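User: I should like to learn how to read the surface and the interior of a helical model. Could we work through one case together?

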Amino acid sequence: MNGLNTILIVFGLFLAGGVYSFQKQQMPRSVVLLLAIASAMCLAAGVLRIQGIWA
């Protein structure tokens, strides 16, 4: 695992925490959805890089 993988996964988890927080604060659905999509993309990219599927 290199630095970029770690950064992608940590940032994805940070965004996931933001999704939870924004949902709790009853922020607009569009903001929550945008954060959820960004979180999923970061986590997926980090995992794919770890697996060697995505360079």
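User: Which residues form a nonpolar patch on the surface?

Analyst: Patches are made of residues with over 30% relative accessible area and no salt bridge (a side-chain nitrogen of Lys or Arg within 4 Å of a carboxyl oxygen of Asp or Glu); like charges are joined within 9 Å, and nonpolar side chains (Val, Leu, Ile, Met, Phe, Trp, Tyr) within 5 Å. Here Leu33, Ile37 and Met41 form such a patch, with about 320 Å² of accessible area together. Areas come from the Shrake-Rupley method with a 1.4 Å probe, and for residues only the protein chains shown count as cover. This is a predicted model, in which local features need pLDDT of at least 70 and side-chain atom pairs count only at pLDDT 80 or more, while totals for chains, interfaces and linings use all residues. Residues are numbered from 1 along each chain as its sequence is written, and side-chain values use heavy atoms, leaving out hydrogens and water.

User: Why does Leu33 count as exposed?

Analyst: Buried means under 20% relative accessible area, exposed over 50%, and partly exposed in between (1.4 Å probe, protein chains only). Leu33 counts as exposed because its relative accessibility is 52%. Leu33 lies in helix α2; helices (H or I, at least four residues) and strands (E, at least two) are DSSP runs numbered from the N terminus.

User: Which residues of α2 are buried, and what do they pack against?

Analyst: An α-helix has 3.6 residues a turn, so residues three or four places apart point the same way. In α2, the buried residues are Val32, Leu35, Ser39, Cys42, Ala45, Gly46 and Arg49, and they pack against α1.

User: Which residues make up the largest nonpolar core?

Analyst: A nonpolar core is a set of buried Ala, Val, Leu, Ile, Met, Phe, Trp, Tyr and Cys residues joined through side-chain atoms within 4.5 Å. The largest one has 5 residues: Leu15, Val19, Val32, Leu35 and Cys42. Both α1 (3–24) and α2 (29–51) supply at least two of its residues, with the largest share, 3 residues, coming from α2. Contact means heavy atoms within 4.5 Å; leaving aside residues up to four places away in sequence, Cys42 touches Leu8, Phe11, Gly12 and Leu15.

User: How many helices and strands does the chain have?

Analyst: The protein chain has 2 helices and 0 strands. Of its 55 residues, 24% count as buried. Its C-alpha atoms fill a box of roughly 40 × 15 × 10 Å along the principal axes.
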